[in-house]
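Dear colleague,

I am handing over the structure that we talked about, and I would be grateful if you could look through it alongside the notes below.

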Amino acid sequence: MEPDPRDDPSESSRRQFLKAVGVAASAGAFLAGCDEATREAFFQKHFKELDKDELAKVIARLEKDYSAKAGKPVTVDTTPAMDGVLFGYALDLSRCIGCRRCVYACVKENNQSRDPQIHWITVLEMKKERGVDIFESDPYYDSKEVPRPGHFYMPVQCQQCQNPPCVKTCPVQATWQEPDGIVVVDYNWCIGCRCCMSACPYGARHFNWADPSVPIDELNPVTHYLGNRPRPRGVVEKCTFCVQRSRHGKYPACVEICPVGARKFGNLLDPASEVREVIGGKRVFILKEELNTRPKFFYFYGV
Amino acid sequence: MTLPRPLLLLVAAIISLSCTPSVSSKPALFPPPEGEGTLVADKAPDAPRADAGGEDFPVPPPPFTEGVFPCSDCHASMETDLTRRELGMHDYIKLEHGPRERWCFDCHNPTDRDKLRLASGALVPFSESYRLCGQCHGDKYRDWRVGVHGKRTGFWNGKKQYLLCAHCHNPHSPHFRPLQPLPPPVAPALIKAKGAE
Ligand code: SF4
């Protein structure tokens, strides 16, 4: 642990004074004019510090709020990681045809903003003759049919690094890695500084520049606190391997939609899982291996 | 890097040993399987076999063209003509699979039309057509059985739904058809926050 400047007694008293003045002034003005729910949201603790009762209250508040806005019941799940599970993903580059079905299935499942647009998955078109070359790749390809001759496609999303640089940069610990390996964000704790976005070498984190817009009839009401629940403006979001699905045993939405079966998902600790079969039997690589981020997202050639 | 002389000699000896055919009395480094002529698979009952049945691969019903199944509805009352010819029926089928010699009865069974027929003569239902495909595409069959080739839906830690080969590959013309991609993302420069400006 680094020495915390707040441990310095003189510093500490100065801070306490400023804090007291600041809190008194702003809270006074703020609390006077707002309702109970807003006040609770403002003082809500970090997700990992909530005890059982506090968590139940938070969830009740969020469900009420979301349901009222959606005009239908919205659930917010807090299912924790399963024991003995470390999630891993494998994507077959020799199969992917770049159809982007996964991109939009993800948008729908995870309630990403339609306008301004947020996509957690970006599919890169690359030239076969050049191989995997990110700088030469094109995410905006718009051909009538895919695959285009001479090209292959590489979908990129959060690589769920085992050594995640984004987590290290967050000044308020609003993002962390769960025991099942999924890197998550507490949208109620995120201050929107976007340090994590600049730290991510995969462009996998996305910022809500404006109030996200999701058509009410398309809103997926089955949500997880750490995943696809509605986000406010000013927070960062990213792929969570569909935490709301995967923690209940289901495959992520992108796995289920892919028409060529290029996407594989499972428990890295289970030798019989599909991902382990891939790692054990196919030619596998990870993206930007030299950065030592240790992704749990593996690209492979299934041919 | 230079190796000391005795070591070099040893390396050379090993290389020459492993390259000479083992006609001498020395035991071969990689002896051929005993009893030349028997299939390895015959000796290893546990090895996956292309025509192994009885395993549980839950698949949806085969993707028949509407109204064609059961085939016996028409074929039971027809005479079987085994000669290779231009068909008067099924003209939507264009056979683009494997060598030119490929022919209906390589896979379809002339007597009981509602079944497929393996090279061994064994009959398999259409719902187990993977056993037929696996005869030639053993590597894909092996990958499919462990979930590496093809698509699985359902539960990563429980019940899965598989697809038959024929759900994705038209068996008469198996090359995967190109698709129209969904729209590209909006370039960041074109994204506008609502209320901005
Ligand atoms: S849905 Fe499958 S084939 Fe289509 S772009 Fe995504 S990974 Fe590639």
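What follows is a description of what was found, beginning with confidence and ending with points of backbone geometry.

Please bear in mind throughout that this is a predicted model. For the complex, the predictor gives an ipTM of 0.86 and a pTM of 0.81. Chain B has a mean pLDDT of 77, with 69% of its residues at 70 or more. Residues 15-53 of chain B call for caution, since pLDDT stays under 50 over that stretch, and the model has 19 contacts beyond four places in sequence for it.

Chain A first. The domain assignment divides it into domain 1, covering 11-42, and domain 2, covering 77-303, and the centres of these two domains, taken over C-alpha atoms, are separated by 37 Å.

The largest nonpolar core has 58 residues, and A:Y225, A:F241, A:F265 and A:Y299 are those with the most contacts inside it. At least two residues of this core come from each of α3 (52-70), β2 (87-92), α4, β3, β4 (151-156), α8 and β12 (297-301) of chain A, and α3(A) gives the most, with six residues. A second core, separate from that one, has 11 residues, including A:C170, A:A174, A:C190 and A:F207. To return to A:Y299, its contacts, leaving aside neighbours within four places in sequence, include A:L91 and A:L93, then A:M154, A:P155, A:V156 and A:Q159, and finally A:R283, A:V284, A:F285 and A:L287.

Helix α4 of chain A, residues 101-109, has A:C102, A:V103, A:A105, A:C106, A:V107 and A:E109 buried. Among the elements that cover the buried residues of this helix are β3 (122-127), α7 (243-246), α8 (253-257) and β10 (263-267) of chain A. Just after α4(A), A:N111 takes a positive phi of about 55 degrees.

The ligand is surrounded by A:C96, A:I97, A:G98, A:C99, A:R100, A:R101 and A:C102, together with A:P155 and with A:C258, A:P259, A:V260 and A:R263. By residue type, this shell divides into eight nonpolar, one polar and three charged. A:C102 thus belongs both to the surroundings of the ligand and to the buried residues of α4(A), while A:P155 is found in the shell and also in contact with A:Y299.

Two further positions in chain A may be worth your attention. A:A210 is found in the loop between β7 (206-207) and β8 (222-224); is this residue buried or exposed? A:A210 counts as buried because its relative accessible area is 6%. Its C-alpha atom is 9.6 Å from that of A:V235, with the two positions 25 residues apart in sequence. A:R276, by contrast, is placed in helix α9 (residues 274-281) of chain A and is partly exposed, with a relative accessible area of 31%. Leaving aside neighbours within four places in sequence, A:R276 is in contact with A:N267, A:L268, A:L269, A:D270 and A:P271, and its C-alpha atom is separated by 38 Å from that of A:L62, a residue 214 places away along the chain.

Chain B has six helices and four strands, and from the N terminus on its elements run α-α-α-β-β-α-α-β-β-α. Of its 197 residues, 18% count as buried. Among contacts in chain B between residues at least 6 apart in sequence, 50% join residues at least 24 apart.

Lastly, some points of backbone geometry deserve a check by eye, because most residues other than glycine have a negative phi and most peptide bonds are trans. A cis peptide bond, with omega about 0 degrees, joins A:D115 and A:P116, and A:P116 is found in the loop between α4 and β3 of chain A. In chain B, a cis peptide bond joins B:F69 and B:P70, again with omega about 0 degrees, and B:P70 lies in the loop between α2 (40-43) and α3 (72-75). A:K288, in the loop between β11 (283-285) and β12 of chain A, has a positive phi near 55 degrees and is partly exposed, at 29% relative accessible area. B:H90, in the loop between α3 and β1 (115-117) of chain B, has a positive phi of about 50 degrees although it is not a glycine, and B:H90 is partly exposed, with a relative accessible area of 28%.

With best wishes

Technical notes: Residues are numbered from 1 along each chain as its sequence is written. Chains are lettered from A and ligands numbered from 1 in the order in which they are written. This is a predicted model: local features need pLDDT of at least 70, side-chain atom pairs count only at pLDDT 80 or more; totals for chains, interfaces and linings use all residues. Side-chain values use heavy atoms; hydrogens and water are left out. Domain bounds come from an automatic or database domain assignment. Buried means under 20% relative accessible area, exposed over 50%, partly exposed in between (1.4 Å probe, protein chains only). Contact means heavy atoms within 4.5 Å. A residue is near a molecule or strand if one of its heavy atoms lies within 4 Å of it. Ala, Val, Leu, Ile, Met, Phe, Trp, Tyr, Cys and Pro count as nonpolar, Asp, Glu, Lys and Arg as charged, and the others, Gly among them, as polar. A nonpolar core is a set of buried Ala, Val, Leu, Ile, Met, Phe, Trp, Tyr and Cys residues joined through side-chain atoms within 4.5 Å. pLDDT is the predictor's confidence in each residue, from 0 to 100.
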